[in-house]
Amino acid sequence: MILPIFPLTLLTIALVSIWYYQRTANDIYRVLSAIIAIVCLIWGFAIAHWSVHLLSLVLLYKFNTVSFNSADSGN
C-alpha cells in the first residue's frame, strides 16, 4: 500500500518547481524546474486516489484556463 503522504510530497515538489520556474531567469534552471514539475505532477496523479482525480477534474472545469506565467494571463 502506498502511503497517502507520497502523492502529496510529489505535488509539493511540483508546486515548488513551478514557483521556481516563475522566479528564475536562467534558461537551464527554467527547463529543469519545468521538467521536474511535469514529472512530479504525472507521477503524483498516477498513484493518487480516484477522489483526487475527480477533485482535479472539477477544479479544471471551474478554471477554464490554467496559466503558469503572469504574462499569459494579461495582468
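**Figure 1. Helix α1 passes helix α2 in a left-handed crossing.** The model shown is predicted. Helix α1 covers residues 5-23 and helix α2 covers residues 27-47. Their axes come within 8 Å and cross at roughly 155°. Because angles over 145 degrees count as roughly antiparallel, α1 is roughly antiparallel to α2.

**Figure 2. Residues of α1 meet residues of α2 along the contact between the helices.** On the α1 side, the residues are Phe6, Pro7, Leu10, Leu11, Ile13, Ala14, Ser17, Ile18, Tyr20 and Tyr21. The α2 side consists of Tyr29, Arg30, Ser33, Ala34, Ile36, Ala37, Cys40, Leu41, Trp43, Gly44 and Ile47. Sorted by class, this contact of α1 with α2 has 17 nonpolar, 3 polar and 1 charged residues. Arg30 in α2 is part of the contact and belongs to the charged class. Ser17 in α1, together with Ser33 and Gly44 in α2, is also in the contact.

**Figure 3. The chain has 4 helices and 0 strands.** Along the sequence, the helices follow the pattern α-α-α-α. Helices α1 (residues 5-23) and α2 (residues 27-47) are the pair shown in the preceding views. For contacts in the chain with a separation of 6 or more, 50% are between residues 24 or more positions apart.

**Figure 4. Surface and burial of the chain.** The chain has 75 residues, of which 15% count as buried. About 6200 Å² is exposed by the chain. Carbon and sulfur atoms supply 72% of that exposed area.

Key:
Residues numbered from 1 in each chain as written. Predicted model: local features only at pLDDT ≥ 70, side-chain atom pairs only at ≥ 80, totals over all residues. Heavy atoms only, no water. Axes fitted to C-alpha atoms, helices over the stretch in contact; angles between N-to-C directions. Helix = DSSP H or I, 4+ residues; strand = E, 2+ residues; numbered from the N terminus. Parallel < 35°, antiparallel > 145°, perpendicular 65-115°, else oblique. Left-handed = near helix turned anticlockwise from the far one by under 90°. Contact = heavy atoms within 4.5 Å. Buried < 20%, exposed > 50% of the residue type's maximum accessible area, 1.4 Å probe, protein only. Areas by Shrake-Rupley, 256 points an atom, 1.4 Å probe, with all protein chains shown as cover.
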